[in-house]
Amino acid sequence: MMRDGALRGKRRSGEISGTTRALLYIVLIAFTVLTIYPLIWLTISSFKTTQEFQLNKLGLPIHWTLINYPIAWQIGNFGTLFMNSLFYTTASTLAVVFLSLAAGFAFAKIRSRATPLLHGSFVIGILLTIQSLMIPLFLVASVTRLVDTRLGVLIPYVGMGLPLGIYLCTEYIKGFPDAIVESARLEGAGYLKIYAAIIVPMAKPVFTTVAVLNVAGVWNEFMLVNMLVSKDALRSLPVGIFRFSGALASDYGKQFAALMIGLIPMIIFFLFFRNQITKGVSAGAVK
Amino acid sequence: MNQEMTLNKEKWLKVKGKKFWTEERRAYLMLVTPAALLYYAVMAFPFLFSLVLSFTNYTSGELVTTPIRFIGLKHYLDMLADPYFWISLTNNFYIVFISVFGQIPLGFVIAYILHRKHVKMTGFFQTMIYFPTIISTIVVGILWQSFFSPYGPLTEIIQRIIPAWENNLSVDPKTAMIPVLLAVLWMYTGNYLIIFLANLQKIDPEVMEASKIDGASEGQVLRYIVLPALSGVIVTCAILAISGSLNSFGLIFAMTQGNPARRTSVLSLYMYDNAFRGAPDYGLANAISIFMVLMSFAMILITKAVEKKFGGRE
C-alpha cells in the first residue's frame, strides 16, 4: 500500500508520502467544506418556515416546505426584477462584446498613432475601480437627466465593461496573422466588412470569455443601479433582494428563499461557463 | 515594444503617402470611436467633473441653478479632519491586510497543491473553492450577516462548545470588522487560486522534473523554482488586493451598512454616506472620490513599475 503510493507519487511529480497526501486531502476538504457549508446551510434553511428555523437553525428541516419561494417571489416582485436584470445584462453584454471586438480589431490590426494612447487609457480602466467614480457618475447622470432611465444604467455598465473587454480582444486579435486582413483588403473588402465577416467569427473564444465575464459582473452589480434608479420598475435583482431582506429581516424563511432566488441563476450560469470564467479571470488579472 | 512602434510608424508613414490611408483612418475611427466615447463618458468625464466640483463650494442642490464658487482645498481638509475618514481608511487597510496575508497565501497554497496533482478531483476542489467569487456581493453580505448575527447559527455552533458564550461580534464596535473580514476572505480567495493556477501552468514542468531528478526536495523546488518564477504575479496580486479593497462596497453595505456607529465603514461607503445619508454633502463626497481615484492611479503606476522589474513573461 505504502509502496504503491510511493511509486505512484514518483511517476507523477514528487515523492510524497501517504501521510502528506492524507494531510493535503484534509486541508482541501476542510477548505471546500468552509466554502460551501454556508451555501448548503442557506439552501436547507430556505426550506424551513420561519418558526422552524428559529427552533432549529442548524439541522435538516423536519417538514420540508417550498412555500417560501412563491411567497418571496410575489412579495419581492422578483419577476420584474429578474426581467430588468436580464435586460441590463443582455444589452450591456452585447454592446461590450461588439464594441470591444471592434476597438480591439482596430488597435491590433490597423496602424494608427493614436493606438498607444487610446489603448493605454483603456488598460488603466481595468485597475481604476468604478466605485471611486460613483458619486461623480451620479452627478453627471443627474445633470444629463439620465437618472431613473434604462439608458442611464446601461451606459455606465457598457463603459465599465469595455476596459477588460478591449484588453482581452486586442491581445487575442494580435495573434491573428496579418495576412488574413491584408488578403481580404486586396480582394477589396472594407474594414467593416472584414470585422463582421472575418474577425467576429474568428474571435469566438475571446468573444465568449468577454461575454461571460461581463454577464457575471453586471448580473451581480449593486451599487450603481441602486444609486441611479429609484423606480421599482427599473430596479435589478440584487437591489430587490437587498430591499426585500431589509423589509423582512426577521422573516427568515422568506429571506433565505429570496437569497436563493438571487443565487440560483448564478449557479446555473457557473455550471455552464465554469471554464470560460476561470480562463477570463486568469487572463484579465495578470497582464 | 519600442522597435515595434517605430516599425509601425514607418509603415504608417509609407501608407500615408498613398490615397488609401484616408479609408484606413476612417475605418479606425468608426471602430474605435463608439467604445472610446462611452468609456470616457463613464470614466474620464465624471472624474474631471468631480475634480472641478471638489474645489468649489458646491455641496448639494440643482447643479444648473446653484451658484458655484471656487474655495480651494476646503473639502479635502474637511475630509482629513473627519474621524470617519480615518476609520474608513483603516478598514480599507484591514481588508488589504486580510487579502495580502490571508487570501494570497491561501490561494497560492491551494493552487500549488492542485497544480502538483498530489490529490485527485482537482477540478472539483477548484470549482468549489472558486464558486463564492461569482455570487452577488449582496447575497453574500446578507448570508453572512444572518450567519454571524446573535440569532444566527454561529451563536448556536459556538454555544454547543462554550455554553456561556454571548455573540456580540457585530454589535461591539471593536469586533464588528471581524465578520466582515472573514466574509472578504471567504469570498475572494478563489480569485487568487485561479490566478496562481494559471501562472503555475506557465512554469516549464521539465525544469521542475529535472531538479527533482537531481535530488531537490518538494520544498526546494517551491523555494528556488516556483516562488521566484511567480514573484511578479505575487506583487500583482497584492496590487489587485489593494485596488479590490476600494471595491468592497456591496458586501459591507449588505452586511453591516457601516454599523455599529459607522465602525465598519470603508472609503466607498463613507463617500456614499456623505452623498446620500442625512444632509447631502456632494463636495465632500467628490473629494473622497478624487482621493480614491488617486489611490487607484498610484496602484497602476506601481503595477507598471513591477511589470518592468519582474516582467518578461510571454
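According to an unreviewed UniProt entry, residues 82–273 of chain A carry the annotation "domain: ABC transmembrane type-1". In this predicted model, that stretch of chain A is 80% helix and 0% strand. The C-alpha atoms at its two ends lie 20 Å apart.

A separate domain assignment splits chain A into two parts, domain 1 (2–45) and domain 2 (68–286). The C-alpha centres of these two domains of chain A are 36 Å from each other. Their contact involves 5 residues of domain 1 of chain A and 4 residues of domain 2 of chain A. About 450 Å² is buried between the two domains of chain A, and carbon and sulfur atoms account for 83% of this area. On the side of domain 1 of chain A, the trio A:L42, A:T43 and A:S45 provides 79% of the area buried against domain 2 of chain A, more than any other three residues. Sorted by class, the side of domain 1 of chain A that touches domain 2 of chain A consists of 3 nonpolar and 2 polar residues, with no charged residues. Between domain 1 and domain 2 of chain A, the count of salt bridges is 0, and so is the count of residue pairs in polar contact (both at pLDDT 80 or more).

We can now turn to the contact between the two chains. Here, 107 residues of chain B meet 97 residues of chain A. The area buried between chain B and chain A is about 9400 Å², with carbon and sulfur atoms giving 74% of it. Within chain B, the residues that lose the most area to chain A are B:Y28, B:L31 and B:Y39, which together make up 8% of what that side buries.

Polar and charged groups also take part in the pairing of the chains. Between chain B and chain A there are 17 residue pairs in polar contact (both at pLDDT 80 or more). Helix α2 (residues 21–54) of chain B supplies 21 residues to the side of chain B that touches chain A, the largest share. By class, this side of chain B holds 67 nonpolar, 23 polar and 17 charged residues. The number of salt bridges between chain B and chain A is 1. The salt bridge joins B:E23 to A:R185, with the closest N and O atoms 2.9 Å apart.

Over all chains, the salt bridges number 10. Side chains of opposite charge can pair when their charged atoms come close. Another example is found within chain A, where A:K174 forms a salt bridge with A:E171 and the closest N and O atoms are 3.8 Å apart. Both A:K174 and A:E171 belong to helix α8 (residues 150–174) of chain A, and they sit 3 residues apart, about one turn of the helix.

Chain B has record annotations of its own. The unreviewed UniProt entry marks residues 28–53, 93–115, 127–147, 176–200, 221–242 and 282–303 of chain B as "transmembrane region". Two of these spans show how the annotation looks in the model. Residues 127–147 of chain B are 71% helix and 0% strand, and their end C-alpha atoms are 23 Å apart. Residues 221–242 of chain B, in turn, are 100% helix and 0% strand, with 29 Å between the end C-alpha atoms.

How values were computed:
Residues are numbered from 1 along each chain as its sequence is written. Chains are lettered from A and ligands numbered from 1 in the order in which they are written. This is a predicted model: local features need pLDDT of at least 70, side-chain atom pairs count only at pLDDT 80 or more; totals for chains, interfaces and linings use all residues. Side-chain values use heavy atoms; hydrogens and water are left out. Contact means heavy atoms within 4.5 Å. Buried area is the accessible area (1.4 Å probe) that two parts lose on being put together, summed over both. A salt bridge is a side-chain nitrogen of Lys or Arg within 4 Å of a carboxyl oxygen of Asp or Glu. A polar contact is a pair of N or O atoms within 3.5 Å; within protein, one must be able to donate a hydrogen and the other to accept it, and residues adjacent in sequence count only if both atoms are side-chain atoms. Helices (H or I, at least four residues) and strands (E, at least two) are DSSP runs, numbered from the N terminus. Ala, Val, Leu, Ile, Met, Phe, Trp, Tyr, Cys and Pro count as nonpolar, Asp, Glu, Lys and Arg as charged, and the others, Gly among them, as polar. Domain bounds come from an automatic or database domain assignment. UniProt positions are given in the numbering used here, feature names are shortened, and annotations may be inferred rather than shown by experiment.
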